[in-house]
Amino acid sequence: MDLKDGVRTSENKVSSEARKLSAFVRDRTKNLVDRLECYEDIISLEIGDTGLSRAKTLEREFDLRQLYIKYEGDNPTGTQKDRIAFAQLYDALRREFDTVTLATCGNYGVAVALAANLAGINCKIFIPESYHTDRITEMEGLKAEIIRLPGSYEDVVMESSKLAKKNDWYDANPGGSNTPLQISAYSQLALEIFEDLGDAPKYCAVPVSNGTLIAGIFRGFVTLYKRGKTSRIPKMIAASSANKNPIVYSFLHGFDHCKDLRPEIIKETKLNEPLINWHSFDGEEALYAIKESHGGAFNISDKKLREMSTYLSKKEGYKILPAATAGLIALLELNEKMNFEADRFVAVLTAKN
């Protein structure tokens with residue numbers, strides 16, 4: 001299966017121009033600097049600059065003015081994960097690795113598989129045996145090798161990292177040395193929101209799992225504020241599957257550090273899978289973002305995730321993965337409790353359905 005077929009089979013939206021650039025990037029007889037420049041062009045063409053739009057139906061029904069949706073489903077594989085996947089693969093290409101590895105429950109795996117395919121780098125994806133994702137077919141269509149391992153997601157991340165070190169593969173897993181790079185990639189969302197609104201919103205609500213996304217957006221707004229571009233830093237709202245995320249748990253219990261949960265209490269469902277874990281790899285950064293911005297954290301039930309996904313499809317025309325609506329639900333619940341004064345509010349929807 002060639003690249004074009006792989007992209008078509010996995011329903012990823014990659015332009016013909018990006019595929020032409022990829023052919024050059026994959027040619028190892030070419031100068032590395034020129035290959036890197038072509039890969040940068042692919043990133044510029046395909047990644048980020050996602051839509052920000054008013055959710056007027058939600059505004060009317062929930063009595064909240066100037067509610068904006070930042071829709072990450074516009075990225076090639078339909079999630080925010082493309083931003084960090086392509087940043088990691090650029091780094092792998094720059095350092096001349098021939099294989100990249102990671103552990104995933106779904107979305108990040110597809111994003112890295114696509115980024116690796118376009119870079120001409122082999123991709124090994126480790127998935128917990130107990131996890132089920134419809135996106136494996138897409139990963140395989142992009143020529144990624146799928147390896148199933150026993151244990152939790154966190155266990156599989158550690159095993160993937162161990163094998164990366166042993167075999168001299170590029171380790172694209174969350175946390176550790178990758179945290180600064182991934183936070184930097186996600187900080188671009190803050191810049192995009194600022195460019196559309198002209199200032200920072202009052203609140204910015206985000207679904208959380210490992211915590212990298214909310215940490216990155218917060219850091220982006222901090223940078224803008226320090227440069228005098230914005231008048232404020234938004235209050236960051238984190239939301240995740242009820243009682244199955246260390247960041248939310250730690251904030252609600254007033255802990256100074258992100259405390260791990262007991263693995264046995266984490267139960268996966270088809271709806272909560274993108275959100276759950278017992279250890280958040282960038283939990284400390286996320287907890288810092290919430291506290292420093294005077295934000296908040298919310299537990300969201302599967303029932304609410306499903307209902308909001310259905311609502312958005314019917315009323316706003318978005319086909320959203322239920323887990324991706326967690327931040328929006330939290331923002332609306334906070335408004336119901338506090339009755340916000342007129343301002344601007346942003347909810348990040350992280351993935352299409």
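**Exercise 1.** In this predicted model, find in which sense strand S3 and S6 pair, and over how many bridges.

*Solution.* Start with S3, residues 99-103, which pairs with S6 in the parallel sense over two bridges. For a concrete example, take Thr101: its bridge partner in S6 is Asp171. Now widen the view to the sheet. Four strands make up an open sheet with parallel pairing, and their order is S5-S4-S3-S6. The edges are strand S5 (145-149) and strand S6 (170-171), each of which pairs on one side only. Finally, add the helix: H8 (residues 153-167) lies across S3, S4 (122-128), S5 and S6, and runs at about 160 degrees to S3.

**Exercise 2.** Work out how helices H14 and H15 are oriented to each other, and which residues make their contact.

*Solution.* First, the geometry: the axes of H14 (residues 302-315) and H15 (residues 326-338) come within 10 Å and cross at roughly 95 degrees. Angles of 65 to 115 degrees count as roughly perpendicular, so H14 and H15 are roughly perpendicular to each other. Next, the contact: H14 brings Lys304, Leu305, Met308 and Leu312, while H15 brings Ala326, Leu328, Ile329, Leu332 and Glu333. Sorting these residues of the H14 contact with H15 gives seven nonpolar, two charged and no polar.

**Exercise 3.** Locate Pro274 and decide how accessible Pro274 is.

*Solution.* Pro274 sits in the loop between helix H12 (246-252) and helix H13 (283-292). Its relative accessible area is 26%; partly exposed means between 20% and 50%, so Pro274 is partly exposed. Beyond neighbours within four places in sequence, Pro274 contacts Ser209, Leu321 and Ala323.

Definitions and conventions
Residues numbered from 1 in each chain as written. Predicted model: local features only at pLDDT ≥ 70, side-chain atom pairs only at ≥ 80, totals over all residues. Heavy atoms only, no water. Axes fitted to C-alpha atoms, helices over the stretch in contact; angles between N-to-C directions. Parallel < 35°, antiparallel > 145°, perpendicular 65-115°, else oblique. Contact = heavy atoms within 4.5 Å. Nonpolar A, V, L, I, M, F, W, Y, C, P; charged D, E, K, R; others polar. Buried < 20%, exposed > 50% of the residue type's maximum accessible area, 1.4 Å probe, protein only. Pairing = 2+ DSSP bridges.
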